[in-house]
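User: Could you take a close look at one helix for me and show how it sits in the rest of the protein? I'm new to this, so please go step by step.

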Amino acid sequence: TLSSCPARAEQVDDQARAAARTLAEDGVNALQNGDLATAADKLGRAYEIVRLPTVGLWSARALAKEGRLVSASERYEDVIHWSGTTAEQGAQDQAKVDAAHERDLLLPRIPSVKLVVAGATADEVTITLDGEPVLAALIGTAQPADPKHHVLRGTRVGVGAEQAGDLAEGKRTRLSLKFRAPPPSPSF
């Protein structure tokens, strides 16, 4: 339960535990009232303080409801692999079981996107997806992404390219950037 949130680490004091409990309770209430952004924020902050399966499970649920499926999946994974002991071990163990079940239901919903660059190699370009840098190692491979509208941008020596697309739950999508060959260098 959320009414008693013992800390994972002994260095979390009573004041921090009490704050985490209040954040978690407020987050659960927000989730039940449909305020998804508040729920995800408060439950995420509570989980940063007390990394317990019960809090992590609620946090993952809020992330999933908010459409942040990749983050929800990772939070479920974190809960599933939690190891520790608390005064409420039975509640924590049940949260781990619930997280595994809910993650299994969530995984088929997560879309994947394959980012493709034509006319340049991955190390010649700077790529962003929704403004966030994309590692060169991920270019050309399918990767999980949240279902929403995405914008892929790339630059190579001052020349830019862009493609946008919508990712639907459970679908595979390809976003491509095409670069023309750079102009020949002047010869002297």
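Analyst: Let's start with a word we'll need: a residue counts as buried when its relative accessible area is under 20%. By that rule, 38% of the 188 residues of this protein are buried. Keep in mind that this is a predicted model.

Now for the layout. The protein has 5 helices and 7 strands, and if you walk along from the N terminus you meet the helices and then the strands, in the order α-α-α-α-α-β-β-β-β-β-β-β.

The part to zoom in on is helix α4, residues 69–80. How far apart are its end C-alpha atoms? They're 16 Å apart, and that agrees with the 16 Å you'd expect because each of the 12 residues should add 1.5 Å. Which residues of α4 are buried? They are Leu69, Ala72, Ser73, Tyr76 and Val79. Looking down the axis of α4, you'd find these buried residues within an arc of 120°, so they line one face of the helix. There's a general reason behind that sort of pattern: an α-helix has 3.6 residues a turn, so residues three or four places apart point the same way.

What covers those buried residues? The cover of α4 includes α2 (36–49), α3 (53–65) and α5 (89–106).

Next, let's step over to the strands. Strand β5 (residues 149–156) pairs with strand β2 (residues 126–129) in the antiparallel sense, over 4 bridges. In that pairing, Leu129 stands opposite Leu152 of β5. β5 also runs antiparallel to strand β6 (residues 159–166), and 8 bridges join the two. One of the partner pairs here is His149 with Asp166 in β6. β5 and β6 make a hairpin with 2 residues between them, and Val157 in the turn has a positive phi of about 45°.

Finally, zoom out to the whole protein. Its C-alpha atoms fill a box of roughly 75 × 35 × 30 Å along the principal axes. The radius of gyration is 21 Å, whereas a compact globule of 188 residues would have one near 16 Å. Of the contacts with a separation of 6 or more, 57% are between residues 24 or more positions apart. On the outside, the protein exposes about 10,600 Å², and carbon and sulfur atoms supply 51% of that.

So, back to your helix: α4 has its buried residues along one face, with α2, α3 and α5 among the elements that cover them.

How values were computed: Residues are numbered from 1 along each chain as its sequence is written. This is a predicted model: local features need pLDDT of at least 70, side-chain atom pairs count only at pLDDT 80 or more; totals for chains, interfaces and linings use all residues. Side-chain values use heavy atoms; hydrogens and water are left out. The expected span of a helix is 1.5 Å times one less than its number of residues. Buried means under 20% relative accessible area, exposed over 50%, partly exposed in between (1.4 Å probe, protein chains only). The arc is that of the directions from the helix axis to the C-beta atoms. Contact means heavy atoms within 4.5 Å. The radius of gyration is taken over C-alpha atoms; the globule rule is 2.2 Å times the number of residues to the power 0.38. Accessible areas come from the Shrake-Rupley method with a 1.4 Å probe; for residues, only the protein chains shown count as cover. Two strands pair if DSSP finds at least two bridges between them.
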